[in-house]
Amino acid sequence: TGLLISSKSKGRDVEAFQMSRNKRKTLPALWGGILLFLGYWFFLFPMGSTMVYIATDEGLASSGRSSVAFAWHQKLSGRYESYAENRVKSGVAADIPYYNISGTEWPLFGSVFYLWSTVELQKTWEADPSGSAVSPKEYAAGAIEAATALVLDPIHATWVKKHWGEDYMNRENVFYRMLVMSAIIAHHELTGSEKHFDLLREQTVSFSAELDASPHGLLDDYPHQCFPGDVLAALAAIQRADRILATNHSKERSRAIRGFEGALVGPLELPPYAANARTGRPFDPSRGCSNSYQCTFGPEVWLERGTGWYRTYVEHFWQQNALVAGFREFPHGFGEEWYFDVDAGPVINGLGSAASAFGLAAARSNNDYARAYPLATQMVVASWPLPNGALLVPRLISDRKHAPHLGEASILFQLSRQPIAGIDAASGTFNTRLPGSVWLTWLAQLAIGGWLVWRGSLRWKRFFSQ
């Protein structure tokens, strides 16, 4: 009996030893695979793909077809369709506090960014369909419908109802009403449908009349919060609506210029970041985050005035050195060099993150590729594309629960924007020299990704040699 027990014990010891030996051989191989995956997925692929895009994409340096914009739009469209459909079905927007900006505003703003970019890419495709057999409005048909439905969903208006009451569609509420008009216009331009025309006509008429009757050509986004940039975007939407509805609000648009001149504009003659709609006085002076937005839509509404704003913006806010290029949040010699708020984002050594990101759309709208090119290359590299089509950094800075694709849709809007009709090429010498930050990012990706792949390869080599 003792010998039998001893024999069984030895057998268990041998089995345990063999299992331990196999585990010691398998774990390094497993870790090796993880290191190889991390190195390729998060570092080498982003580096390689952005290098190819920047080297071959003529649309980054001109108004031509942008291969990166088309590629990223195709990859996002299916995801955006699923996101928008599921969000509307869930009804989650009914329970979000009205002060939760990312939960209330971002889903709608992201959907309009997506629709705006789809319209621009469709126009580019129609001018040059050689790059794709299927047009954006075809492969993105489901996403177009889903994004429009989200913007027009009454549940997604819950937060503005809390601000303005049941009369929210007929009283100020500039930002939300601008998004509604913009979504309907984009939907029609992409599908030809007129099913939302009654709402669009009602909004263009009521908004134009209310703005015309306002004391200073300004209306509030929220009670006692007026952002002139949103008034500009609404005027641009009404101008586009006039073309498809065969209506004419040019007289009201002309009178609305009073909200963007005189005492309101300040010493630089640029519209303020925020204003008091009742007094016609600036509440917060001109800033980069608002200038980039206003210089995108301003030339569309008032060509000469808008392009003049952009030239002044470049003169007082553009900052470029060997490492980085972008727009400042505050003009040279004024304001803080290091700063942060929800609209400006991080301000680093004077450069505003939001000002520079939205500055790409402003530069492209004003046909200024001398500045659009460095901004675009920085944006492409900083987006950090992954093999599954996701853009890592935009995902990280978006609201994962409520608006996971806002950053990606915003980037598509910047990259797809085309020059406003009637704008001549901006003066200045154009060169395609890449900012140093682009090279440094690639170098860091190569170093980290290469090291991870090298360490993972050593572990696998050790495993297969045993």
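**Exercise 1. Leucine 303**

Classify leucine 303 as buried, partly exposed or exposed from its relative accessible area of 34%, and describe its surroundings.

*Solution.*
Step 1. Recall the limits: under 20% relative accessible area is buried, over 50% is exposed, and values in between are partly exposed (1.4 Å probe, protein chains only). Leucine 303 is therefore partly exposed.
Step 2. The model is predicted, with pLDDT of at least 70 required for local features and 80 or more for side-chain atom pairs, while totals for chains, interfaces and linings use all residues. Numbering starts from 1 along each chain as its sequence is written, and side-chain values use heavy atoms, with hydrogens and water left out.
Step 3. Leucine 303 belongs to helix H12. Helices (H or I, at least four residues) and strands (E, at least two) are DSSP runs, numbered from the N terminus.
Step 4. Leaving aside residues up to four places away in sequence, leucine 303 is in contact with Ile420, Ala421, Gly422 and Ile423; contact means heavy atoms within 4.5 Å.
Step 5. Between leucine 303 and phenylalanine 260 there are 14 Å from C-alpha to C-alpha, with a sequence separation of 43 residues.

**Exercise 2. Alanine 361**

Decide whether alanine 361 is buried or exposed, and state which residues it touches.

*Solution.*
Step 1. Alanine 361 has 0% relative accessibility and so counts as buried.
Step 2. It is part of helix H13.
Step 3. With residues up to four places away in sequence not counted, alanine 361 touches Thr296, Phe413, Gln414 and Arg417.
Step 4. Arginine 417 lies 56 residues from alanine 361 in sequence, yet the two C-alpha atoms are 5.8 Å apart in space.

**Exercise 3. Helix H13**

Compare the length of helix H13 with its expected span, and explain why the helix is described as largely enclosed.

*Solution.*
Step 1. The expected span is 1.5 Å times one less than the number of residues. For the 13 residues of H13 (353-365) this gives 18 Å, and the distance from the first C-alpha to the last, 19 Å, is close to that value.
Step 2. Because 10 of its 13 residues are buried, H13 is largely enclosed by the rest of the structure.
Step 3. These buried residues are Ala354, Ala355, Ser356, Gly359, Leu360, Ala361, Ala362, Ala363, Arg364 and Ser365.
Step 4. They pack against helices H11 (288-301), H12 (303-317), H14 (369-383) and H16 (406-416), and against strands E4 (325-327) and E7 (351-352).
Step 5. Asparagine 367, just after H13, has a positive phi of about 60°.

**Exercise 4. Helix H8**

Repeat the length test for helix H8, then identify its buried residues.

*Solution.*
Step 1. Helix H8 (residues 197-213) has 17 residues, so at 1.5 Å a residue it should span 24 Å; its end C-alpha atoms are 24 Å apart, in agreement.
Step 2. Its buried residues are Phe197, Leu200, Gln203, Thr204, Phe207, Ser208, Glu210 and Leu211.
Step 3. The cover over these residues includes H7, H9 and helix H10 (250-255).

**Exercise 5. The whole chain**

Summarise the chain: how many helices and strands does it have, and what part of it is buried?

*Solution.*
Step 1. The chain contains 17 helices and 7 strands.
Step 2. Of its 466 residues, 52% are buried.
Step 3. Among contacts with a separation of 6 or more, 71% join residues 24 or more positions apart.
Step 4. The C-alpha trace extends about 105 × 50 × 45 Å along its principal axes.
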